[in-house]
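Grab a viewer and work through these exercises with the chain open in front of you. Each task comes with a solution, taken one step at a time.

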Amino acid sequence: MNARKLMKQIAFFSDGLNKNVWKWLTSVCIYFAVLCFLCFFLPFSKIFTVFHSYESLFDQVEAATDGRLRAAKQYFQTQNPELSSRIYSNRISQVNILFAVGIITIKRTKKTNFLESLGYLLPSVAHMDSILKSHRFFNTSFLFICNVDAFPSTHFDAVDLYKFVPYTERFGNNSLNIPALTIPKTNIRFIDLTTHSTKYSKESFDYAFCLLSAAALNPHFILLLEEDTIPHKDFPSVIEHLITFRLNLPFNQKHEFGFLKLYFPSKWQGFGFEFTKILDLLCCCILVTAVAGVYHYLRSFRSATLPGLNSVLLSAFLVTLLTCLLVGRQNINELRRLSKHFYRLQSSEGCCTQAMVYQPSIVSSMAEYLVNPLSNEHTDLAILDFTYLNSIRTLQVEPNLFFHTGLYTTLNQVQKHPEEFI
């Protein structure tokens, strides 16, 4: 009799357990089906490129570029050239300049039509012009175009914008009222050096020229942008918060940091074996697991058994781990945009100079290092080497405050993977 009763209890328990297992498996399958559907729309997720061909992504990027160009042209049609020039002239004449914002540009045309511009410069200038004129934090900042083309008058996109914003040309004139700049530690003017040993050397000389042009007007900070970058909409509020509160910088403080990088390629921001990225993954898993454990315990208070709780914790950890790996760190990082307080400051990576904030106090010595004839490396790596040699603190913000639009590289006109520009 007792044996029959025991068998009934075991059968009842087994039946209940099977129901719970099937219920759990069904829930997990539905969850991952929905997650995969969402990942269909998320660049850098594990399945994004599985369902999107290279050609379709390329067409999306080209359409987005054309749309930004049309919007930029419409923006400048609404601007008064004389008023715009007067605004920047007044700001340049001030003693207390907060940001000198320079946009480095060179003539870039399509391979299929050498007379047609790639259309990167106008959207970049339009976005920054709008920000500097509409946000209180930037009302003592000015924007300028740094045209480093060997034949500046043929860079029509830049020349057309001269009536709206100040400019300087490495091989021509400038409207900043600064004298012709000389190459550090020499008497040679930048305008007179027309040949370079390599294209990387030319790039470094151009960058040094634009830095020195900005520093000549004694701003508190220099924001140097490449022409194929546009700011995210949260850029103004976040950079104000970072400068004023996170870095807590009085404007006369020097060498608190050498540079602050505002853009780093998303393709290299995914999960990897670096300590910080492993820590990010573990923190996500532990946080969700803890929440699931507390929820399970409160829901089944007094009846929760240790094996049941352990199963919930293990399941939550594994599901969160798979979710993070499937979605990608880049997309998880986007949640930080919910508040300016969530942005992360970390030590800078080596690559890329698309959007950089510099302290003017390091510009002179850094420009001297960049034009060193012994250095033929990329400009970004030369800058990082300089900061290492001089023990200068370098920072990087995540997620990016700028979006890279340059599908084609400046030096080689090589086409990058379009997923980076969606």
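**Exercise 1: a charged cluster**

Arg344 and Asp280 bring their side chains together in a salt bridge, with N to O at 2.5 Å. Keep in mind that this is a predicted model. Your task: work out where the two partners sit and whether Arg344 is buried or exposed.

*Solution.*
- Step 1. Place the partners: Arg344 belongs to strand β7 and Asp280 to helix α9, 64 residues apart, so the pair links distant parts of the chain.
- Step 2. Check the cover. Buried means under 20% relative accessible area. Arg344 comes in at 17% relative accessibility, so Arg344 is buried. Asp280 is at 13%, so Asp280 is buried as well.
- Step 3. Look for another partner of Arg344: its side chain also meets Glu398 in a salt bridge, at 3.5 Å from N to O. That pair connects strand β7 with strand β9 (residues 394–398), 54 residues apart. Glu398 is buried, just like Arg344.
- Step 4. Put it together: Asp280, Arg329, Arg344 and Glu398 are linked in a network of salt bridges.

**Exercise 2: a mixed pair**

Find the salt-bridge partner of Glu420 and compare how covered the two residues are.

*Solution.*
- Step 1. The partner is Lys267, with the closest N and O atoms 3.6 Å apart.
- Step 2. Glu420 lies in the segment after β10 (402–404), while Lys267 lies in the loop between β6 and α9 (275–299); they are 153 residues apart.
- Step 3. Glu420 has a relative accessible area of 15% and is buried, whereas Lys267, at 39%, is partly exposed.

**Exercise 3: the sheet**

Trace the strand order of the open sheet, then say which strands stand at the edges.

*Solution.*
- Step 1. The eight strands run β3-β2-β1-β4-β8-β6-β9-β7, with mixed pairing.
- Step 2. β3 (167–169) and β7 (344–347) are the edges: each has a single partner strand, so one side of each lacks a neighbour in the sheet.
- Step 3. Direction ignored, neighbouring strands are turned by 25° against each other on average.
- Step 4. Zoom in on one pair: β6 (residues 259–261) and β8 (residues 355–358) run antiparallel and are joined by three bridges. Here Lys261 stands opposite Met356 in β8.

**Exercise 4: a nonpolar patch**

Which residues form the nonpolar patch on the surface, and what does the UniProt record cover?

*Solution.*
- Step 1. The patch consists of Ile30, Val34, Phe37, Leu38 and Phe41, with about 520 Å² of accessible area together.
- Step 2. Take Val34: this residue is in helix α1 (residues 2–39) and, at 45% relative accessibility, is partly exposed.
- Step 3. The unreviewed UniProt entry annotates residues 21–44 and 304–328 as "transmembrane region".
- Step 4. Residues 21–44 are 79% helix and 0% strand, with end C-alpha atoms 33 Å apart.

Terms used
Residues numbered from 1 in each chain as written. Predicted model: local features only at pLDDT ≥ 70, side-chain atom pairs only at ≥ 80, totals over all residues. Heavy atoms only, no water. Patch = residues over 30% accessible without salt bridge, like charges linked within 9 Å, V, L, I, M, F, W, Y side chains within 5 Å. Areas by Shrake-Rupley, 256 points an atom, 1.4 Å probe, with all protein chains shown as cover. Salt bridge = Lys/Arg side-chain N within 4 Å of Asp/Glu carboxyl O. Helix = DSSP H or I, 4+ residues; strand = E, 2+ residues; numbered from the N terminus. Buried < 20%, exposed > 50% of the residue type's maximum accessible area, 1.4 Å probe, protein only. UniProt positions renumbered as here; feature names shortened; annotations may be inferred. Pairing = 2+ DSSP bridges. Axes fitted to C-alpha atoms, helices over the stretch in contact; angles between N-to-C directions.
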